[in-house]
Amino acid sequence: MKNTYVIKRIFYSLFVFVVVITLNFFIPRIGVVDPAERYYPPQGNMSEIEYEIIKQVTRKQYGFDVSTWQQYLNYLQGLSKGDLGKSFRPGSPAVIDLIVERLPWTLVLSVSTLLIGLIIGVMFGVVAATKRGRWQDTLLLNASTIMVAIPGFFIALMLSFYLGFELEVFPAYTDSNMVANFDWSLAAIRTVAYNAALPVLSMAVGSIIGHAQGTRNAVIAVTNEDFILTAKAKGLKQNTIRYKHILRNSMLPIVTSLGMSISGLIGGQVVIEQVFNWNGMGTLFLEANNTNDYPLMMGIMLLLSGFTILAILITDLVYVLLDPRVTVGDKR
Amino acid sequence: MKQVLKLRNLKVIFPTNYGIIRAVESVDLDIHERECVALVGESGCGKSVTSQSVMRLIDSPPAITRVDTLEFDGRDIKDYTPKQMQEIRGKEMGMIFQDALTSLNPVMTCGKQIDEMYIRHQGLSKEEAREHTVKALELVGLPEPRKRANSFPHELSGGMRQRVLLAMAFACLPKLLIADEPTTALDVTIQAQVLSMLRNMQRGCGTALLLVTHDLSVVSAIADTVYVMYAGKIVEKAPVRELFATPHHPYTVGLMSAVPRLSDTERVFTQIPGTVPHPTQKPSGCYFHPRCQYATAECKKEMPPLKTIDSNREVRCHHPLSIRGVSHA
């Protein structure tokens, strides 16, 4: 029963992915994707014929000279080899190369933010739940209310200004040579950590409070369940009740929100990366958007949606391990 | 007979935003060895709070609990620390609850939840505990106990789950078992099975039973002594046969006549007029007087004391029924 559920989930995810690939291909083609449009209007003293030739050559170069249906098949064929197409940038670099170049830098930020947010957040949440109604709990409640009202970029700007420009604790602006000079040496890693401090901090504040609030609510909800009263009536020790009965059951909503945040890992924080001039996926997407670089945008979108589908699939599969009731709905 | 539980003057108060809820007011309770005591009353009369207070399971805050005497098995556990209470709970005092599905941890196998009792209170290893668990499940009549021990609560039927709870509660042969509406969530046929199982286990293990229920048929089936509660106070206490033969309190009479009988030719339900008073706005005098057809001016003014009559019965009424010579239902 469990196995059929897992297999079903995997097939379902694959199906969704195929739908996403198709939509991702056709939606941009509703508008203007013609690479030749980049050369409009004709530059300098280019004659009509020269301009036509350049357009034809460009279309051929990007495979736009065949029917849309043929383009779709070619696109699928390319995807199966891991080819996301060519960017409209000068020199037509492969989209996948551009992404691979930027992705690690985004992951540096997003993974550290996630780990910090999750670990500290869950700890705060458990404390707030056990000290319900006391100052620790009130603090968390007020902090999360305030955080909802403050946009992330504002925190980033404030941190950049006060910790960066005024106090000069951390760089307010990422060193532009950081990426080029990176060579896995200890000093280089230290430089990355030093530069990443403020962007990570500005994202972690919200992440910590979000996870803390979620954990607190989950723990309190479980604490009020009847089976916790049973556990108390059994004379179990406080710690057994807390870890084996309460936390185990509170993990379910935490895993859900974790799955949601994993899907955001590679998207990059467009705004935060802009504020700190961090060359990650967010910046790459913005560049693609500003230059109408459709193949690059499509590549990033595809990667994003693929990762989201994967994250949801993993969340569902972890649920099977955590909650034995999950497969029941599938059976009936 | 040895006394297992002696409770004197229990008061439980919940301060809320809407006013102070006096959930339990000066309740006395006596339970002897091997005795089955039933605590009867409508929803919200304080019977569950009373039973949980006996195990000191009511959290304070929010509740405020005061008790003069809470003697369990000859020991005064009124001032026991939480750690000391943990040693008593489960081992010497067990509890089973109404809804077996929500009373069992959904992500833990039933067997593991029973294992916990043996591991915690008898210091057994996991393997030894499982052997005991399988035996306990067999004893409560669960088919294929070894296989069922690995089932999760949602995979069992309601009756089976209640048996799992029974096996868990009797695991360490407690001196006192508190059963809070143990049959309410079950089908009538399963109710009878679980009740007879409860009765057999109780007799076999020599356990005293505090049965909390609103179901008078359950009471007549297994109780020895009955306490009737109304709005946080005990209104009548009597041995079960005498209570059913001659109820003294008008509320008890009302409860009994509200049970439809097969022999009734006219299909009319008798009900007690009015509703239970709101817990923050209890009436003056006797709490039952607004719903009592025999109420007098005295009843409106003064709360009657719990008077002993017929040597072994107690009733909280200015004008107890059979004494006044009124025929009852």
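**Exercise 1. Find the two domains of chain B and describe where they touch.**

*Solution.* Start with the split: chain B falls into domain 1, residues 3-223, and domain 2, residues 233-324. Keep in mind that you're looking at a predicted model.

Next, take the distance. The C-alpha centres of domain 1 and domain 2 of chain B are 28 Å apart.

Now count who takes part in the contact: 16 residues come from domain 1 of chain B and 10 residues from domain 2 of chain B.

Which elements of domain 1 of chain B give two or more residues to the side that touches domain 2 of chain B? They're β2 (19-32) and α9 (216-222) of chain B. Of these, β2(B) supplies the largest share of that side, nine residues.

Last, sort that side of domain 1 of chain B by class: you get eight nonpolar, four polar and four charged residues.

**Exercise 2. Work out the strand order of the eight-stranded sheet in chain B, then look at its edges.**

*Solution.* Walk across the sheet strand by strand. The order in chain B reads β7-β8-β9-β3-β10-β11-β13-β12, the sheet is open, and the pairing is mixed.

Why is one side of β7 and of β12 of chain B left without a neighbour in the sheet? Both β7 (93-96) and β12 (307-309) of chain B stand at the edges with a single partner strand each, so one side of each has no neighbour there.

How are neighbours turned against each other? On average by 20 degrees, with direction ignored.

Now zoom in on one pair. Strand β3 (residues 36-40) and strand β10 (residues 225-230) of chain B run in the parallel sense and share four bridges. For a concrete example, pick B:Val37: its bridge partner in β10(B) is B:Thr225.

Finally, add a helix to the picture. Helix α1 (residues 47-54) of chain B lies across β3, β8 (176-180), β9 (208-213) and β10 of chain B. Relative to β9(B), helix α1 of chain B runs at about 155 degrees.

**Exercise 3. Describe the side of chain B that touches chain A.**

*Solution.* Count first: 23 residues of chain B are in contact with 19 residues of chain A.

Then ask which elements of chain B give two or more residues to this side. Here you'll find α2 (82-88), α3 (100-103) and α4 (110-122) of chain B. The largest share, four residues, comes from α4(B).

To finish, sort by class: this side of chain B has 10 nonpolar, seven polar and six charged residues.

Methods:
Residues are numbered from 1 along each chain as its sequence is written. Chains are lettered from A and ligands numbered from 1 in the order in which they are written. This is a predicted model: local features need pLDDT of at least 70, side-chain atom pairs count only at pLDDT 80 or more; totals for chains, interfaces and linings use all residues. Two residues are in contact if their C-beta atoms, placed from the backbone, lie within 7 Å. Ala, Val, Leu, Ile, Met, Phe, Trp, Tyr, Cys and Pro count as nonpolar, Asp, Glu, Lys and Arg as charged, and the others, Gly among them, as polar. Two strands pair if DSSP finds at least two bridges between them. Axes are lines fitted to C-alpha atoms, for helices over the stretch in contact, and angles run from 0 to 180 degrees between N-to-C directions. Domain bounds come from an automatic or database domain assignment.
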